[in-house]
Amino acid sequence: MLQLTGIKKSFGNIQVLHGVDLDVKAGEVHALLGENGAGKSTLMKILTGILQATSGRITIDGREHRFANYDEAIAAGIGIVFQEFSLIPYLTAVENMFLAREMRSGLGLLDRKAMQARAREIFARLEVDVPLDVPIARLSVAEQQFVEIAKALSLEARILVLDEPTATLTPTEVAHLFKVMRELRKQGVALVFISHHLEEIFEICDRITVLRDGEFVGSCMVSDTDTDRLVEMMVGRRIENSFPPKSGPRPDARVMLECEEIQLRKGGPVSGFELREGEILGFAGLVGSGRTETALAMLGAYPAARCKVLVDGEETRFKEPAEALAHGIGLLPESRKEQGLITSFPILQNISLNNYGKYRRRHWFIDLRKERACTEAAMEQVRVKAQGPLARIDTLSGGNQQKVVIARWLNHQMKVLIFDEPTRGIDVGAKAEIYQLMRDFTAQGCAIIMISSELPEVIGMSDRVCVFNSGGIAATVEGEAITSEEIMTHATTGRDRHVA
Amino acid sequence: MSHNATITETKQGGIGLGRILHSPLALPLIGLIVVSLLMGFASENFFSVSNIMNVLRQVSIIGILAVGMTFVILTGGIDLSVGAVMALSGTITAGMMVNMGLPGAIGLLAGLGVGLGLGLFNGFMVAWGRMPAIIVTLATMGIARGFGLLYSGGYPISGIPSWVSWFGIGRVGIVPVPVIAMVVIYALAWVLLQRTAFGRHVYAIGGNELAAKLSGVKTRRVKLAVYALSGLTSSFAAIVLTGRLMSGQPNAGVGFELDAIAAVVLGGTAIAGGRGLILGTLIGAILLGILNNGLNLMGINPYMQDVIKGLIILLAIYIGREW
């Protein structure tokens, strides 16, 4: 029914999809599988007209289509339920379903009855009972998802994409969703299902397509494969040697930071970990598995249900990151532009931002000369390539921007640094330099927590790895056990499996 | 040798015309010059020393209010309560002196205390209460105005010691005292913004509050401080006002918050925060004052003056909207 062949996509000179095929039949649930950044979302955006492919063909029922925008894709019978819903919280289910194409009566007023009736008809088809007259915000996440699905169906969608629909659902809700999906399958709708949870794929899907690093790895029937084969397809055999050698913590290394217990949400899993002197502790897991939230909660920047942290053996509760800084703990956030840098400041003030104590004059005033000298030294240390300390931040490459953030922290006497996606959007050369800086930092007896979605990076850099799954640490692996398969298995399958 | 020469040259080149044109002060300055010249043509008295001093004296109250407003707007906030806080502060000062017969100094300190207290209240509600500044300060505006009317029964409190008038109409040489006060306050504000860590943090919060917070800036404390400063400058303005009117006027300063915001924005400060210079605010305030003065000198209908001022502000913001 739906065929995508040889889809390629480049942003500038970076190619993100290298000729991907996807073939979905009417009345089947087709899983689209791959790690973070494998290209699933990009492919779905191309299918729904949000992005345009650089080359490749999209055919529906044998007819070729080129979608210039989202509306054209909808008109061709494609519906998508995004991970982040696009519903308006204060409107009812019916109002949301018919938003911007409201039915009108003869007088040009809203024909509420007709819309209600149509909505009921669709929900009856899904065999679900969703309250139609209350604001969407009062519905559960699952019910909102059904409204999204109903909305797509009201647009005569014959191909329905569900982008990680189960990520925020409880097991009962997932069961209900699967019931709805089976019903739709019976009615001949083609479903594309994106999920990281392999059990779900075995439960609901008929066929699977796997992507890796923007490449098409293969398609197969679910009945012909198993978890290990799938993980291997997703992870592949990659050789990466750009990492400086691991030194590892000394055997007698003391614990610098201990998170005795952390629970992000009430009722969620409780986990804990230790960070030792001279160590790089990787935080692996899927996006949304609670890695970043755990780090932020420790610093007092995320309201966790429970969080008990010991610094050098002493219990400490940080109310804001400034207090963590006073204890020598700092964070390099994942999104440099939004969370790391003050883009209206030049390099100079971005580096000195949190360290005016270092160059005070007569207690109150900034010693501008000393500030400049310190900044230049810090820039030198991490080798920021820029015109000078007064260069604007937005003239720098991603790698140099990241180095500025690193320099900000090296300008202090820090003990623990938390790197969140340290090399996202950074070219290969700068990556190697950043890895080296991280190693240099731990060689001085400091410690690093590295949150990363890049498996090679996690494997190449970490002395130990905490694998996150559904808001908690599912497993901690060490030494030889740090392999892609091991990490992906813990990240994508049930929380009850343990390291052998 | 030649290397040194190059550096000096670059530095000198940096102070040239190009740098002035690229400075955020360029547009406000051009506006000031254009409007001054226009007024000079329209009225021959405009460029007389006495008229210039007169303009500056008239500007001083809005100018002082606009200092605190600049700090607040630089963090990305807004303070709508400055006019009402000024009125309450002046009313309390007069009330202490007249009704309670307390020494003048205590009256002045009480007025400053009122301004500082309400500013701290605003800051606390915004930073710790995590409420939008526009709502918090709107509420404070109502509260302050209401208290002033309650305290005074709605009538001006007159009969304050005559020395207080020095703050409003006194002169040092030919320079009016309010103008000196304004200049001193601007100078202090410049030092705070450009030479202290606090000032940098003010800009950082307006530029990217989340990044500032995550890198360890005590964002809540800085926000508390800027609203407190705004309350404090409101009560400084109140002292000038009380001295000029020789009474505590509970109804004074209605709409002054809007003039103060206009001065800040005309001075090139981004309403979303993060960018702007205190000197720009001074220029903006003077620009507004010249408009008021010039339109008066030209004998234009006061109702029409409001229309013209509104249009000029709109035009100025439109021209400068890039940054």
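Reader: Glad to look at this with you. Is A:E164 buried, partly exposed or exposed?
Author: This is a predicted model, and the answer rests on neighbour counts in it. A residue is buried with 20 or more other C-beta atoms within 10 Å and exposed with 12 or fewer. A:E164 has 19 C-beta neighbours inside 10 Å, so A:E164 counts as partly exposed.

Reader: Where in chain A does A:E164 lie, and what is its phi?
Author: A:E164 belongs to the loop between β7 (159-163) and α6 (171-186) of chain A. The residue is not a glycine, yet its phi is positive, at about 40°.

Reader: A:R383 also has a positive phi without being a glycine. Which elements flank its loop, and is A:R383 buried, partly exposed or exposed?
Author: Phi of A:R383 is near 55°. The flanking elements are α13 (368-382) and α14 (398-410) of chain A. With 13 C-beta neighbours inside 10 Å, A:R383 is classed as partly exposed.

Reader: Nice. Let's step back to the whole chain: into which domains is chain A divided, and how many Å separate their centres?
Author: Domain 1 of chain A covers 2-235, and domain 2 covers 255-492. Taken over C-alpha atoms, the separation between the two centres is 36 Å.

Reader: Which element gives the largest share of the side of domain 1 of chain A that touches domain 2 of chain A?
Author: The contact joins 11 residues of domain 1 of chain A to 10 residues of domain 2 of chain A. On the domain 1 side, 4 residues come from the leading contributor. By class, this side has 5 nonpolar, 4 polar and 2 charged residues. The element asked for is helix α8 (residues 227-235) of chain A.

Reader: Which strands stand at the edges of the sheet β2-β1-β4-β5 in chain A?
Author: These 4 strands form an open sheet with antiparallel pairing. Neighbouring strands are turned by 30° against each other on average, direction ignored. An edge strand has a single partner, so one side of it is left without a neighbour in the sheet; here that applies to β2 (14-24) and β5 (63-65) of chain A.

Reader: And which residue in β4(A) stands opposite A:K8?
Author: Strand β1 (residues 2-11) and strand β4 (residues 55-60) of chain A pair in the antiparallel sense over 5 bridges. Opposite A:K8 in β4(A) is A:S55.

Reader: Do β3 and β9 of chain A run parallel or antiparallel?
Author: Strand β3 (residues 29-33) of chain A is joined to strand β9 (residues 207-212) of chain A by 4 bridges. A:H30 stands opposite A:R207 in β9(A). The direction of this pair is parallel.

Reader: Which residue in the turn of the hairpin of β9(A) and β10(A) has a positive phi?
Author: β9(A) runs antiparallel to strand β10 (residues 215-221) of chain A, with 6 bridges between them. In β10(A), A:G218 is the bridge partner of A:V210. The hairpin has 2 residues between its strands, and the one with a phi of about 50° is A:D213.

Reader: What is the average twist in the sheet β12-β11-β14-β15 of chain A?
Author: The 4 strands make an open sheet with antiparallel pairing. Its edges are β12 (271-276) and β15 (314-316) of chain A, each with a single partner strand. From one strand to the next, the twist averages 20°.

Reader: Within that sheet, which residue in β14(A) stands opposite A:E261?
Author: Strand β11 (residues 255-263) of chain A runs antiparallel to strand β14 (residues 306-311) of chain A, and 6 bridges join them. Opposite A:E261 in β14(A) is A:K308.

Reader: How many residues are in the largest nonpolar core?
Author: The residues touching the most other members include A:L160, A:V467 and B:I62. The core draws at least three residues from each of domain 1 (2-235) and domain 2 (255-492) of chain A. Beyond its neighbours within four places in sequence, A:V467 has contacts including A:A284, A:I473 and A:I487. The number of residues in this core is 240.

Reader: Finally, which helix gives the largest share of the side of chain B that touches chain A?
Author: The contact takes 18 residues from chain B and 24 residues from chain A. The chain B side has 7 nonpolar, 6 polar and 5 charged residues. Its main contributor, with 10 residues, is helix α10 (residues 197-214) of chain B.

Methods. Residues numbered from 1 in each chain as written. Chains lettered and ligands numbered in written order. Predicted model: local features only at pLDDT ≥ 70, side-chain atom pairs only at ≥ 80, totals over all residues. Domains from an automatic or database assignment. Contact = placed C-beta atoms within 7 Å. Nonpolar A, V, L, I, M, F, W, Y, C, P; charged D, E, K, R; others polar. Core = buried A, V, L, I, M, F, W, Y, C linked by C-beta atoms within 7 Å. Pairing = 2+ DSSP bridges. Axes fitted to C-alpha atoms, helices over the stretch in contact; angles between N-to-C directions.
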